[in-house]
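Q: Could you zoom in on one strand of this model for me and walk through what surrounds it? I'd like the residue-level detail, then how the strand fits with its neighbours.

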Amino acid sequence: MNYSNHINSICETIISKNNNEEFYLNEKSIQMKLAFELWKKSNIEPQLEKCFDYNSKIKTYTDIFIITDDGQKIGIEIKFKTRKILGKRYVQQGAVTNGKLNSLKDIDRLSKLKKEDKINVGYFVFITNDYLYWKNPRKSKKTNSDMFGFEQGKKLNKIFPPPTWSSKTFSEQMDLCDIKTEKIDWIVDDEQNLDSFRYFIIEC
């Protein structure tokens, strides 16, 4: 089973449904949808909120964890970010700068789990209808946080320095040089509609 292709197919279904109606409203519903569809396809029950180090003070989790019939260990992390739309039930999550930073931290976590042989492959799934995640910042308004952006074609397989803005959620350097996916590639139904849901997937 090609997990990358199947995860892409599930994500296409998710954004298609959300672009037609308010179907998936939060991250937990996305997690359940992905886990359920992967279970149906592979006949292998996924573990949700898998903890890799129960005895540690600082525990490491993945949203979805699967061990295939041939012993491959797959970890999946999910981020689902929404922007309020008039007449819709989506909430305004905001805090886009830290949303990007925390997403990169998820990718970093998967990369480290792979280096530690706790997983063999990791997938990071990001779904949003908030254009602030995919639009290029204006040059006149560029800030330190822009290097953590998610613009189309943005290179991710590199070292990210520690963030410096005051409201940052952590302060460590992130080394993503070993991830398999080099650049962000947004998948979208309607490119011209800034309210439309879209997604990208990073393979570690």
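A: Sure. Let's start in the middle of strand β4, where Phe124 has Glu77 standing opposite. Keep in mind that this is a predicted model.

That facing pair belongs to a longer match: strand β3, which covers residues 73-81, runs parallel to β4, and the two are joined over eight bridges. Getting from one to the other involves helix α3 (residues 96-115), and β3, α3 and β4 together make a β-α-β unit that is right-handed.

β4 has another partner as well. Strand β8, residues 198-203, pairs with β4 in the antiparallel sense, over six bridges. Here you can pick out Ile127, which has Tyr199 of β8 opposite.

Now for the side chains. Val121, Tyr123, Val125 and Ile127 point one way from β4, while Gly122, Phe124, Phe126 and Thr128 point the other way. Whichever way they point, all of them are buried. Put as a count, eight of the eight residues in β4 are buried, so the strand is mostly covered.

Thr128 deserves a closer look. Thr128 is part of β4, which spans residues 121-128. Its relative accessible area is 0%, and because buried means under 20%, Thr128 counts as buried. Leaving out residues up to four places away in sequence, Thr128 touches Lys81, Thr82, Tyr133, Trp134, Trp186, Ser196, Phe197 and Arg198. There's also a polar detail for you: a polar atom of the Thr128 side chain lies 2.9 Å from the backbone nitrogen of Asp130.

One more stop, on the loop between α3 and β4, where you'll find Asp117. Asp117 isn't a glycine, yet its phi is positive, at about 60°. That stands out because most residues other than glycine have a negative phi. Asp117 is exposed, with a relative accessible area of 55%.

If you want a second example of that backbone feature, try Asn43. Asn43 also has a positive phi of about 60° without being a glycine. Asn43 sits in the loop between α2 (27-42) and β1 (47-51). With a relative accessible area of 66%, Asn43 is exposed.

Technical notes: Residues numbered from 1 in each chain as written. Predicted model: local features only at pLDDT ≥ 70, side-chain atom pairs only at ≥ 80, totals over all residues. Heavy atoms only, no water. Helix = DSSP H or I, 4+ residues; strand = E, 2+ residues; numbered from the N terminus. Buried < 20%, exposed > 50% of the residue type's maximum accessible area, 1.4 Å probe, protein only. Polar contact = N/O pair within 3.5 Å; in protein donor to acceptor, adjacent residues only side chain to side chain. Contact = heavy atoms within 4.5 Å. Pairing = 2+ DSSP bridges. Right-handed = clockwise from strand over helix to strand, strands pointing away.
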